[in-house]
Amino acid sequence: VIQGLPIASMGGFTGRETVLTHAYLSKLIRSGEARYFLLGSTGGVGFGPGGGNNAAISTIESACTPVSAISGLYDCAGKANAIATSG
């Protein structure tokens with residue numbers, strides 16, 4: 001944000017509002033519009049009740065590679081096909 005790079009929030013305040021389908025998430029990764037996802041140190045659990053029920057977060061956690069230097073950061077480069085077929 002500070003550097004003026006594009007960012008997006010997914011899941012809304014509670015973390016339950018899944019706005020990214022597997023197909024759309026895969027498209028973003030394949031096109032290079034998205035690569036890294038910061039899910040937070042709690043594994044993507046949102047603030048409100050049921051915050052962990054976000055399908056996109058579960059898919060990122062299972063298909064993408066954790067970046068060891070930063071807790072909760074996932075690198076999804078080259079994972080578009082795995083994400084597309086995980087839904």
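These points go through the disulfide, the sheet, the salt bridge, the nonpolar core and the contacts around helix 1 in a predicted model.

1. Disulfide. The structure has 1 disulfide. C64 and C76 are its two cysteines, with an S to S distance of 2.0 Å. A disulfide is a covalent bond between the sulfur atoms of two cysteines. The torsion about the S-S bond of C64 and C76 is about 110°, so this disulfide is right-handed.

2. What the disulfide connects. C64 sits in the loop between helix 2 (55-63) and strand 2 (65-66), while C76 sits in the loop between strand 3 (73-75) and helix 3 (80-85); the bond therefore ties together parts that are 12 residues apart in sequence. Are the two cysteines buried or exposed? C64 is buried because its relative accessibility is 6%, which is under the 20% cut-off. C76 is buried too, with a relative accessible area of 0%.

3. Sheet. An open sheet is formed by 3 strands in the order 1-3-2, with antiparallel pairing. Strand 1 (36-38) and strand 2 are the edge strands, since each pairs on one side only. Between strand 2 and strand 3 the antiparallel pairing runs over 2 bridges. T65 has D75, in strand 3, as its bridge partner.

4. Salt bridge. D75 appears again here. The structure holds 1 salt bridge, and it is formed by D75 and R35, whose closest N and O atoms are 2.8 Å apart. D75 is in strand 3 and R35 is in the loop between helix 1 (22-31) and strand 1, so the pair ties together parts that are 40 residues apart in sequence. Side chains of opposite charge can pair when their charged atoms come close.

5. Accessibility of the salt-bridge partners. D75 counts as buried because its relative accessibility is 16%, under the 20% cut-off. R35 has a relative accessible area of 39% and is therefore partly exposed.

6. Nonpolar core. Which residues have the most contacts inside the largest nonpolar core? They are L25, I29, F37, I60, C76 and I83, in a core of 16 residues. Helix 1, helix 2 and helix 3 each supply at least two residues of this core. Helix 2 gives the largest share, 4 residues. In soluble globular proteins, nonpolar side chains tend to be buried together. C76 thus belongs to two parts of this note, because it is listed among the core residues and is also a partner in the disulfide with C64.

7. Contacts of I83. Leaving out residues up to four places away in sequence, I83 touches H22, L25, S26, I29, T59, A63, C64 and C76. Both cysteines of the disulfide, C64 and C76, are therefore among the residues in contact with I83.

8. S26. This residue is in helix 1. S26 is buried, because its relative accessibility is 1%. On the same basis for sequence neighbours, S26 touches A80, N81, I83 and A84.

9. H22. H22 is also in helix 1. The side chain of H22 makes a polar contact with the side chain of T59, at 2.5 Å. H22 and T59 are both among the residues touched by I83. From H22 to A82 the C-alpha to C-alpha distance is 9.5 Å, and the two are 60 residues apart in sequence.

Notes
Residues are numbered from 1 along each chain as its sequence is written. This is a predicted model: local features need pLDDT of at least 70, side-chain atom pairs count only at pLDDT 80 or more; totals for chains, interfaces and linings use all residues. Side-chain values use heavy atoms; hydrogens and water are left out. A disulfide is a pair of cysteine sulfur atoms within 2.5 Å. Buried means under 20% relative accessible area, exposed over 50%, partly exposed in between (1.4 Å probe, protein chains only). Two strands pair if DSSP finds at least two bridges between them. A salt bridge is a side-chain nitrogen of Lys or Arg within 4 Å of a carboxyl oxygen of Asp or Glu. A polar contact is a pair of N or O atoms within 3.5 Å; within protein, one must be able to donate a hydrogen and the other to accept it, and residues adjacent in sequence count only if both atoms are side-chain atoms. A nonpolar core is a set of buried Ala, Val, Leu, Ile, Met, Phe, Trp, Tyr and Cys residues joined through side-chain atoms within 4.5 Å. Contact means heavy atoms within 4.5 Å.
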